[in-house]
Amino acid sequence: MNNSRETKSQTTMEWEAFYNLEVGEKLPFFQQNQRMLDVVFAQQFDRPFLDFICSLANQIRQLARTKMGAEHLRNILPHKRAMLYFVQPSTRTFLSFLNACQILGLNTSEIRGTTTSSEVKGESQEDTIRTFSSYVDMIIVRHPESGFVEKTAWVLNQTERRVPVLNGGSGPDQHPTQALLDIYTLERSFENQSGLDGKSIAMVGDLKRGRTVRSLSYLMQNYRDVTLYFVSPQEFRMKQDIKDHLAKKGVKFTETDDFESVLPLVDGVYMTRIQKEYSQAPDSESDYYPDFFFRKEHLELIQSHCVIMHPLPRRFEIEVDVDKDPRAVYWKQERNGMWLRAALIAYLFGVEEKIMEEFK
Ligand code: CP
């Protein structure tokens with residue numbers, strides 16, 4: 001890209017025009033040869049894809065159990081390199097992507113803060129991203145700004161190095177790969193109860209600024225007869241854009257601040273923390289809402305098959321004593337992220353057949 005002020009301003013206008021399009025209009029821009037190239041929005045995934053990616057994750061998980069299977073996986077993408085650009089704090093998204101790359105043999109490099117890149121010398125974000133693409137075949141991004149990951153993919157898709165860009169969490173907006181691993185966890189948890197179709201799920205906590213619940217809500221349109229219960233303090237209710245989307249897609253949802261009344265009704269409880277990092281006044285805002293904590297005594301209220309989930313990290317939302325209950329699946333959920341992300345990377349490089357052929 002040219003660095004002149006004039007060109008920058010034109011590029012900015014083009015970006016703003018693109019950013020303001022409906023998501024459905026943008027999706028072809030993130031495809032190549034009629035396949036997904038970049039993973040930016042949860043709205044990119046349809047039911048056949050969700051079923052396929054969960055099945056591929058299961059196959060990778062199974063292969064990785066043996067030395068021979070693990071070696072086969074490591075020999076699939078040793079000629080590819082991935083960059084992890086994580087400039088907002090992360091533990092499990094970073095580590096699960098890193099380990100997913102290692103499972104498939106990819107080499108990785110990482111930047112975990114803008115203070116150690118040439119951005120401190122005044123290099124633009126666009127040039128920084130373009131520089132990454134000179135060295136690697138895939139860029140995985142975690143960023144505090146909504147829209148940054150989308151812009152990264154938009155910029156690169158206009159260059160000769162159209163490498164896949166994956167959204168590892170973009171501000172309070174979306175976390176599409178978290179939503180994929182959440183679906184994978186729900187489908188595995190309900191495999192003896194005909195899967196996620198027909199189930200009722202409560203999402204609890206800061207629904208207004210929680211990107212995980214936003215992305216997961218989008219994915220629910222792919223499942224038949226699902227009912228969502230949005231349980232939150234008044235000030236953290238789910239935003240209208242998600243509610244409008246669900247209404248348009250015919251997904252049933254109810255809003256309430258009565259946590260305990262919902263617990264006996266649902267097949268899954270998805271707990272989230274208060275996202276204080278997005279507060280305008282963090283020093284004066286409370287992040288302690290005990291009426292929305294899952295306590296040990298609540299285990300008596302939920303159904304015997306009901307799963308308790310959390311994208312983690314947790315603060316006070318789930319009492320540590322709950323961890324021992326077999327219905328608490330959040331530790332499995334975070335590990336599922338590694339298998340699911342390995343499946344996603346394999347799909348993006350078009351090597352899924354090399355995994356599936358081991359099962360023929
Ligand atoms: N669930 C999740 O995104 O966790 P991290 O912030 O630790 O990556």
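Guide: Helices here are DSSP runs of H or I with at least four residues, strands are DSSP runs of E with at least two, and both are numbered from the N terminus. This is a predicted model, in which local features need pLDDT of at least 70 and side-chain atom pairs count only at pLDDT 80 or more, while totals for chains, interfaces and linings use all residues. Residues are numbered from 1 along each chain as its sequence is written.

Visitor: Which helix gives the largest share of the shell around the ligand?
Guide: A residue belongs to the shell if its C-beta atom, placed from the backbone, lies within 6 Å of the ligand. Those residues are Ser-90, Thr-91, Arg-92, Thr-93, Phe-94, Gly-169, Gln-178, Pro-311, Leu-312 and Pro-313. Three of them come from the helix spanning residues 92-103, which is H5.

Visitor: How many residues of the shell around the ligand are nonpolar, polar and charged?
Guide: Ala, Val, Leu, Ile, Met, Phe, Trp, Tyr, Cys and Pro count as nonpolar, Asp, Glu, Lys and Arg as charged, and the others, Gly among them, as polar. By that scheme the shell has one charged residue, five polar and, as nonpolar, four.

Visitor: From which domains does the shell around the ligand draw at least three residues each?
Guide: Domain bounds come from an automatic or database domain assignment. That assignment gives two domains, one covering 21-174 + 337-350 and the other 176-276 + 283-335. The shell draws at least three residues from each of domain 1 and domain 2.

Visitor: How many residues of domain 1 are in contact with domain 2?
Guide: The centres of the two domains, taken over C-alpha atoms, are 25 Å apart. Contact requires C-beta atoms, placed from the backbone, within 7 Å of each other. On the domain 2 side 20 residues take part, and on the domain 1 side the number is 25.

Visitor: Which elements give two or more residues to the side of domain 1 that touches domain 2?
Guide: The residues of this side divide into five charged, seven polar and 13 nonpolar. The elements giving two or more residues are helix H3 (47-63), helix H12 (330-348) and strand S6 (165-170).

Visitor: Why is S6 largely enclosed by the rest of the structure?
Guide: A residue is buried if 20 or more other C-beta atoms lie within 10 Å of its own, exposed if 12 or fewer, and partly exposed in between, with C-beta atoms placed from the backbone. S6 is largely enclosed because the number of its six residues that are buried is six.

Visitor: In what sense do S5 and S6 pair?
Guide: Pairing needs at least two bridges found by DSSP. Ile-140 stands opposite Leu-166 of S6. S5 (residues 138-143) and S6 share four bridges, and the sense is parallel.

Visitor: Which helix joins S5 and S6 in a β-α-β unit?
Guide: A crossover is right-handed if, with the strands pointing away from the viewer, the path from the first strand over the helix to the second runs clockwise. The unit made with S5 and S6 is right-handed, and its helix, residues 148-156, is H7.

Visitor: Is Gly-169 buried or exposed?
Guide: Gly-169 is found in strand S6. Beyond four places in sequence, Gly-169 touches Gln-88, Ser-90, Thr-93, Arg-142, His-175 and Arg-211. With 26 C-beta neighbours inside 10 Å, Gly-169 counts as buried.

Visitor: How many residues of H9 are buried?
Guide: The cover over the buried residues of H9 includes S6, helix H8 (176-189) and strand S7 (200-204). Among those buried residues are Arg-211 and Arg-214. Helix H9 (residues 211-219) is mostly covered, and of its nine residues the number buried is nine.

Visitor: What is omega for the peptide bond from Leu-312 to Pro-313?
Guide: Most residues other than glycine have a negative phi, and most peptide bonds are trans. Leu-312 has a positive phi near 65°, and Pro-313 lies in the loop between strand S11 (307-309) and H12. The bond between them is cis, with omega near 5°.

Visitor: Is Asn-33 buried or exposed?
Guide: Asn-33 lies in the loop between strand S1 (31-32) and strand S2 (35-36). Phi of Asn-33 is positive, near 50°. With 6 other C-beta atoms within 10 Å, Asn-33 is exposed.

Note on methods
Two residues are in contact if their C-beta atoms, placed from the backbone, lie within 7 Å.
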